[in-house]
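Please have the sequence and the model on screen. I will go through the surface and then the helices.

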Amino acid sequence: MSLASTAANLVTLAEGAEHGGNHESLSPYLTGGGAFAALLLLLWITTRFNRDR
């Protein structure tokens, strides 16, 4: 494989990623809100079990 063919393959690959790679059904606000809620739940569970202080 030569350098020119490798570069051509990389250009072709990069041209196919014009849409940013995000899936259409994923909402960033819903994903972030779900992650925030999960972290708050884990924080609440941790503080419930840490009653020795």
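On the surface, Leu39, Leu41, Leu42, Trp44, Ile45 and Phe49 make up a nonpolar patch with about 700 Å² of accessible area together. Accessible areas are Shrake-Rupley values with a 1.4 Å probe. Patch members have over 30% relative accessible area and no salt bridge (Lys or Arg side-chain nitrogen within 4 Å of an Asp or Glu carboxyl oxygen), and nonpolar side chains are joined within 5 Å.

This is a predicted model: local features need pLDDT of at least 70, side-chain atom pairs pLDDT 80 or more, and totals use all residues. Numbering starts from 1 along each chain, and side-chain values use heavy atoms, without hydrogens and water.

Leu39 sits in helix α2, residues 28-49; helices are DSSP runs of H or I, at least four residues. Leu39 has a relative accessible area of 57%, so it is exposed, the cut-off being over 50%.

Of the chain's 53 residues, 0% are buried, meaning under 20% relative accessible area. Helix α1 has 13 residues, and the count of buried ones is 0.

Methods: Patch = residues over 30% accessible without salt bridge, like charges linked within 9 Å, V, L, I, M, F, W, Y side chains within 5 Å. Helix = DSSP H or I, 4+ residues; strand = E, 2+ residues; numbered from the N terminus. Buried < 20%, exposed > 50% of the residue type's maximum accessible area, 1.4 Å probe, protein only.
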